[in-house]
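Good morning, colleagues. Please bring up the model, and I shall speak about one pocket and several charged side chains.

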Amino acid sequence: MKLVKNDLIEAFSLYEERALMHRRFKHGDILPLLENIRSAGHLAVTEIGQSSEGRSICRLQYGQGPTKILLWSQMHGDEPTATMALFDLFNFFGGKDDGFDAYRNEIASKLTLYFIPMLNPDGTERFQRRTAMDVDMNRDARATATVEGALLKEQAMLLKPDFAFNLHNQNNYYNIPGTNTPVAISLLAPAYDYARNINATRADAMRVIVGINKILQEVVPDAVAKYDDEHTPRGFGDNFQKWGVRTVLIESGAYVGDSEKMMVRKCNFVALLKAFEEIADQSFEQYSITDYDTIPFNDEKLHDVLLRNLTIEQDGAQIVVDIAIRQNEKTIGSDYCVVGVVEDIGDLQDFYGYLDLDVSRLKFIPAKKYDNALLINQLDHNLIQGLLRKGIATVHIKDCETAGKLHHFPINIVSSENFLSEKLPKLGSMANFFIGTDEDIRYAIINGYVLDLAVASQDLNYKNCVY
């Protein structure tokens, strides 16, 4: 059967792995899922090695066909989206009597699929890019200094796959050129040399990508781009291509309102099922590599917040500038907080914001700290709103046991005499200030979040910590 968009969306809704609904899961969270798959027997599960800290790394196999495909995810520990999608695929391949049996039979008879989910479990444990040894595994294909990198290369030499899918996440700030649309998925047939030549291997990878782009345009129209194709001699994708494996890079990007990457996860599921189908029946060969060239490259002009035309006063003089804010994530134990920082100041008319706000005729107002120390149970919505309307962005809590405690209040909380604001916006400083007129404050910028004080209630998912 040939799967169309509605089939693929239906399959995802049936088989989404509900145990993985937040992106900061750990190695321990997937172990029971792997054991369930092993027990069910619809995919073979084999431990192929361990990380440097002794966490198991498994390979799953589906099908016995002549064409071999190797997929791996989370070689960067803080890039979990494709791992979620792989477990959705494992559920799908374990299904039956749902209208998709003909597809499964086709795939199983023509392809052998090998999956290595969570190749960097130590990095995943810390939600960091690099391994426990602080090596970027995707820059270790040549030296294979890491046990995890050596394991991936060993699998490539052992399995000799015909196709490879290198599954990653890219940052949230890539956009489709000339638009404020975030890139949901970016694709790449990595270059195997500095000249970026196209041989038969790379050309086939490009054709597979054309097919993926075609189906994704139906799911996330005008939200697909190409990743930078500069040759990286240390990179695994580049080396797989050099080793004669048709290699496709899939970078999970961003989608508005999708902080946990559930929509982008669905895109991975759809893209991979369609790619398997077109490799199995060789229909990818119909595509032209000139269609690959029409996919735009990523641009990187998005910010979390872009404040336009803000007036800043200093020593009696005024300037009007744009201010960009990034809401960076900082890991706190098994959770995280946001650290909102001023990313850029100046003429930013060619840039975009997830929140893009024109504040013409309003001015920058430095934030103040509340004079009196409070108890944590004194904080409530009405008190905080009152403080914000007075230009107060920071309160000292005298009964807070330790810094680093997470909270969800729309105000800065400090456990000492810290003050988190500047008299003027400064690059790299925490984004804590107000915007308004001499008579009235309209917006509070608290740790990079924007609160419209003219709106009584705002549903913002604050992720702050005590300083």
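Lining the second largest pocket are His22, Arg23, Arg24, Ser259, Glu260, Ser334, Asp335, Tyr336, Asn461 and Lys463. A pocket here is an open set of points on a 1 Å grid over the protein atoms alone, where a 1.4 Å probe fits, with protein on both sides within 12 Å along at least five of seven lines; lining residues have an atom within 4 Å of a point. Its volume is about 170 Å³, taken as the space filled by probe spheres set on the points.

This is a predicted model, in which local features need pLDDT of at least 70 and side-chain atom pairs count only at pLDDT 80 or more, while totals for chains, interfaces and linings use all residues. Residues are numbered from 1 along each chain as its sequence is written, and side-chain values use heavy atoms, with hydrogens and water left out.

One lining residue, Arg24, forms a salt bridge with Glu329, with 3.0 Å between the closest N and O atoms; the term requires a side-chain nitrogen of Lys or Arg within 4 Å of a carboxyl oxygen of Asp or Glu. The two residues are 305 apart, Glu329 in strand β10 (residues 317-332) and Arg24 in the loop between α1 and α2. Strands are DSSP runs of E, at least two residues, and helices runs of H or I, at least four, numbered from the N terminus. Arg24 is buried at 14%, whereas Glu329 is partly exposed at 38% relative accessibility; buried means under 20%, exposed over 50%, and partly exposed in between, with a 1.4 Å probe and protein chains only.

Which residue is buried yet has no salt bridge? That is Lys226, with Asp293, the nearest side chain of opposite charge, 5.2 Å away.

Note on methods:
Lys, Arg positive; Asp, Glu negative; His and termini not counted.
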